[in-house]
Structure formats: structure tokens, C-alpha cells
Amino acid sequence: MFNIKYDFEVIIIGGGHAGVEASYILSKKKCNILLITFSKDKISELSCNPSIGGLGKSILVKEIDVLGGLMGKVVDLSGINYKTLNKSKGYSVRATRVQVDKDIYKFNIIKYLKNQCKYLTILEDEVVSLIIRNKIVYGVKCIKFGNIYSKYVILCTGTFLDSKIFIGNNIYEGGRLNDFNSKELSIFLKKYFKYGYLKTGTPPRLLKKSIDFNFFEKQVSDLNLVSKFSFFSSLRNISSLLQKNCYLSKTSNNTYKIINKYLIKSPLFKININSKGPRYCPSLEEKIVRFKDKKKHNIFLEPEKIDGDLIYPNGLSMCFSLNIQKKIINSIKGMYNTKIIFPAYAVKYMYLDPIFLNKNLESKIIKNLFIAGQINGTTGYEEAAAQGLLSGIFCYLKIKKKNISFFNLNRLNSYIGVLIDDICTKGINEPYRIFNSRSEYSLFIREDNTDIRLFSISNNIKLISSKKLKFLKNKKKEIKNIFFYLKNKKINFKSLPLFIKKKFKKNKKINIKSLICNKLISFNKLKYYLFKNKNKFLYSKFLKEVKILFIYEGYLKKQKLDLLKYKIYENIFLPKNIDYNKIYGLSKEVIEILNYYKPNFLGQILRISGITPISLIIIYFYLKKNNLLFKKYIK
């Protein structure tokens, strides 16, 4: 038996988004924890794009919020440009994206940790190894402070394991420009875990006053139209910061020629970084190779701060030498004289194979060791934060010896459940990013219903205050009451305006649901015709949620039936000569993967990493439409 005196209940390694969420939730649950980071000043640093949210990602942020996390609250205090993505599409694929002031965001994170985390100690040091006996972790060994003992360890090292930075022919050790890497820790971890290397990158930072914004399309903030990231933020807690414009432009034909000319000089091809980067955020070099027919690519110019001098050119990620980067930047309209303040670069970093994790993010190899964030092969602040929160919650449940069935996140009820199931079941062969299309249940799992979906799970282990839980309980009840009240409610035909009457036959009564689902009239205008008397439902804050339920009611019933067909998919042949390019709705990435793996049966598609469930449904209906559904013999 290894007899020791524990210094802390939990040690968390890494002060990125995963480490922050793990620290915050464990401290809220009154666990004695230590957070070890290279620098206190760089906790929750937004190393790349200073924005939070986006397709799929915004749902993760809202799930983090309902489960007691920190990210959503801080975004609401730090936003300088708000956008609702996919506004013209259905509610299940709409998303909120917020550009934040990176310094204000970091300031608010650190403020929360200092003011609300009484059980948290933050230490500046470097961890060089874990203390392991009989495949059980007992703490960490640091350069300055030596051995520090704990019952549990959460590993959140991000992109800092054995990481290298590439700028042309120059190679630097580090997980971020002008930062260290964890060389010794990576050597230690290689003894125990299956590992690999991935790539990420960031564009140059440009001097704002050297850009002529008259050449670009203005992207005004939608602050008054978007929803809050935190369900518990009051209006006065929403960003009162000055809203800044973003701008949209494109690369030029000359840009394409320059990149093609110097392609061989990129470390991606010359030095052969030999690691996959994010599929949905490729560098300029990769865009030119993968999309040869496309001569121009979008660029979004985004401010990093309210009063800052730096602009983040989203879409211009690369790792050429600085002189080539200058030529590329100066080939774009409005940027002929633009100056680069910090160069673009690529980062090659080590990750640990997440297939060796349990669904609670505890290692299958080392007991009491939890692993969360980009170290698991995911990409993005939101994915990292979600894993950090989850590792903290499961660590707490283990400390208190509570039944983990009380905290049952899965593919049916959350995007966090999809994320964890994907990486732990399939593993990864490229940086993993969450998308709406990764979920079979995307109609059930929407941004607008996150709090109602996860209320019960959050309530089971009291992740948020009793006041907030009471609010959610009342909200859920009120939405249910309004829905059933209005579902069969009818309105007198005579009381409707003429433009609606033309759409319906002269019935004495018209069903309210049909009016809402046909989008013939806004919910607010409909109120006037609905009730002549004062009804409490007229003044509910949650009429929008009820409207969405009406719109999706039929689809949800249909999707439940469609999901039963998955068992059948296992027994359907795929023709050998099938041309995936002819199947409308499949992305280029999906077609590329299918042509590489060449699956024999429809059911195999779901087990191929990178293929979304929705792609399977698209292929199924293509086969059905073209009379190509052939079943194998079943005993």
C-alpha cells in the first residue's frame, strides 16, 4: 500500500478552457483543488480566434451553462459583436456566435476564479510527470515545488505536449507563440498511453490602421436580436460594451497565384509536418490543394479588442515564412499596404488517443486520472470547456461516491453527450469539431431548449443554485401548460385579417397551431386575435419556445420513427459502383471519406469517423429512390 498524506483532493494540470471549467465546478462543489499553469496571467487565453459559439458550438456553451459552468456567463459580459447564424433556416440549426474582447474575457474568467472559487489554489509551475503506483495516480511532480499529492488528477494540457511552432523554415518549441511546451511531461505520458500528433494553426495579426475597410462588406452586430449565452444572465448582465463591426472580403486571383507559386516552401509540404489539421478550418495552403477549382476564399476581419490595434483575419491561417505572408496579405484589395504585427504559424502537438477513456473521461489505463480538452484530439474552446466541466463533475461524483447514473448525458439529450460518445467510441484521426449534423437527434437537441432538456440532470446533483433550479422548473411547467392550452385552441374566422382569411376556407373556427406553423402571422400579432379577454399566457416570456414546439411537433414524431430504421441499415448492401458525387446533400468531405473506405453495407457508414448520421439517411433515401435497396441474408 502506498501511504501518503494528500495535499489536495484534485490537481488540475493546465489553465486553458478545460482546466478553468474543471476548477470552477469542483470549487463550487467545495472540493479542495490545485490548478497548475505556466502563467496565471494567461489563464483562459484565447490563443486563436477571439470568438465563442458557432454552429453546434453555441449549444455546447449553453449546455455548459445549465450544468453549472462558467463560459456562457463570461461571454455575456465580454461580447463586442453578436451574430445569429442560419437565421433563414430552422431552429435546430440556428446558432449564436459572439466576438469577444479577448482581454475582457480573460479578466472576467480570472475574476470569477478569484472571487467565487474559495477552495481553489492556483500555482505557477511546470508538471514533468505524474506520481503513479500500481496504475493508480497519486499526484504530480513539478520543477519548482517537487511532488504534490492528490487523490485525483485532471490532465488539461491542450496543445502544449511536445508541441512545435512552424513559420517557414523556422521551428520553435512551444504550444503558442512566445510560450513554453511540456516536453518532459509528454515523454512521461508516452510510456503509458497511445498517442499521435495533430496540427492546428492561426492567421497573422494585422495592424488595424493599415487596412482600408472601404473595400470590405460591413458585418454589423446583432446584439438586440440574439439570445443570451447564459440562461441566468439578466439584461444588465449582457454586454454593455461598445459594439464593433466585423468585415467580409475575399482573396484575389493574385493571392491564389502567389500561394501556388510558394506552395512547396510551406512546412506542410516541404518539411512535412505529417499531422492532420482541422478539416473545417483548413489553412490557405490546404484550401488551394483541396479546392483547386476555387480561386477565391472568404476572409472575415475581426477585432480582437474594443480599443485594440490588432485585427484577426479569419480565413488566412498559414505557415509560410514572414516575407511570403506579406506578399499574400498585400495581394488582397484593401490590404495592399497592410502590416503584419504577429505572423501566422502552424502548431504540431501531441494528443492522447481518447478511445482509452471511459465515458466519464477517466483513463482506462491509470485509475483516478481524468483527461479533458484538446489533449483528447478535439479542436475549439467550446469542446475543451465542455470536457473540462464533465471531467470535474465526474471527479466530484467519484470523490463523494455518488451514483454516476444521476448524471446521464448521452446522444439523446445533449451535444456534450454526442461529443464524448464520438471521441471515446470511435477515437479520432483528425481534430474533432462538434456539428449539428453529428447528432441523430438534432431536432430534439436545439439551442433554444437546452435549459429544459438538461434541467433534470442538473437538478440531480445540484449543479446550479436552488433559485435557478426553481426558475427552470417553473419555466418547464409554464411552457407545457401553454403548449397544451393552445394546441387545440381555435380562433373565430371572422376576427382574422383579410390576408389570412384568403389562405383558409370559410370555417367557423381555425386552429391556432396551423396559423403558427404556416408562418402566416407573427406570434405577437396573433395575440391580439387570440384573446379578447386578458389571459395570463399572453404575457408569458416563453411564447417563442411554445411556437418552436408547434413547428417541430410533426417532425419530432417522424424522426422517432426514422430512428427505428437504423437496425435495418445494418443489412443493406451498398452497390460497388455507387457514385457518391451524384448524391445531393453529401459534403465534399463525406464523399472523400466514403471513396477512401468504400463501405460494403449501409450500417458500416456510421462507424467511420468523420461521417455524420444525417449522411446515412441521405444515402438511404437515394438508394430507395433509385431502387437500389438490396438486403443481405439474415439468419
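This is a chat between a student and a tutor about a predicted model of one protein chain.

Tutor: Residues are numbered from 1 along the chain as its sequence is written, and side-chain values use heavy atoms, with hydrogens and water left out. Since this is a predicted model, local features need pLDDT of at least 70 and side-chain atom pairs count only at pLDDT 80 or more, while totals for chains, interfaces and linings use all residues.

Student: OK, how many helices and strands are there in the chain?

Tutor: There are 19 helices and 22 strands. Both are DSSP runs, numbered from the N terminus: helices are H or I with at least four residues, strands are E with at least two.

Student: Why is lysine 57 called buried or exposed?

Tutor: Buried means under 20% relative accessible area, exposed over 50%, and partly exposed in between (1.4 Å probe, protein chains only). Lysine 57 has 9%, so it goes down as buried. Across the 635 residues of the chain, 59% count as buried.

Student: What makes lysine 57 and glutamate 383 a salt bridge?

Tutor: The rule asks for a side-chain nitrogen of Lys or Arg within 4 Å of a carboxyl oxygen of Asp or Glu. Here the closest N and O atoms are 2.8 Å apart, so the pair passes. It links distant parts of the chain: lysine 57 is in helix 2 (residues 57–66) and glutamate 383 in helix 9, 326 residues apart. Glutamate 383 has 0% relative accessibility, so it is buried.

Student: And why does the pair of lysine 83 and aspartate 222 count as a salt bridge?

Tutor: Their N to O distance is 3.9 Å, and the limit is 4 Å, so this pair qualifies. Lysine 83 sits in strand 4 (residues 79–85), and aspartate 222 in the loop between strand 14 (217–219) and strand 15 (246–250), 139 residues apart. Lysine 83 and aspartate 222 are both buried.

Student: How do you know whether glutamate 304 is buried or exposed?

Tutor: Glutamate 304 has 4% relative accessibility, so it counts as buried. It forms a salt bridge with lysine 102, the closest N and O atoms being 3.8 Å apart. Lysine 102 comes out at 14%, so that residue is buried too. In the whole structure, a search finds 28 salt bridges. Some join up: Asp162, Lys164, Glu173, Lys183 and Lys190 are linked in a network.

Student: How many disulfides are found in the whole structure?

Tutor: Zero. A disulfide needs a pair of cysteine sulfur atoms within 2.5 Å, so no pair here meets that cut-off. As for single cysteines, cysteine 142 has a relative accessible area of 3%, so it is buried. Cysteine 246 is at 6%, so it is buried as well.

Student: What makes a group of residues a nonpolar core?

Tutor: It is a set of buried Ala, Val, Leu, Ile, Met, Phe, Trp, Tyr and Cys residues joined through side-chain atoms within 4.5 Å. The largest one here has 117 residues, and Leu26, Leu130, Val140, Leu189 and Phe407 touch the most other members. Helix 9 (residues 381–399) gives the largest share, twelve residues. There is also a second, separate core of 25 residues, including Ile211 and Phe320.

Student: What does leucine 130 touch?

Tutor: Leaving out residues up to four places away in sequence, leucine 130 touches several, among them Ile13, Val153, Phe188 and Leu369. Contact means heavy atoms within 4.5 Å.

Student: Why is isoleucine 264 called buried or exposed?

Tutor: Its relative accessible area is 60%, so isoleucine 264 is exposed. It lies in the loop between helix 6 (253–262) and helix 7 (284–290). With Phe269 and Val289, Ile264 makes a nonpolar surface patch of about 260 Å².

Student: What is a positive phi doing in lysine 135?

Tutor: Most residues other than glycine have a negative phi. Lysine 135 has a phi near 60°, a positive value. This lysine 135 is in the loop between strand 7 (127–133) and strand 8 (136–142), and at 57% relative accessibility it is exposed.

Student: Where is serine 331, and why is it called buried or exposed?

Tutor: Serine 331 is in the loop between helix 8 (322–329) and strand 18 (340–342). With a relative accessible area of 7%, serine 331 is buried.

Conventions:
Patches are made of residues with over 30% relative accessible area and no salt bridge: like charges are joined within 9 Å, nonpolar side chains (Val, Leu, Ile, Met, Phe, Trp, Tyr) within 5 Å. Accessible areas come from the Shrake-Rupley method with a 1.4 Å probe; for residues, only the protein chains shown count as cover.
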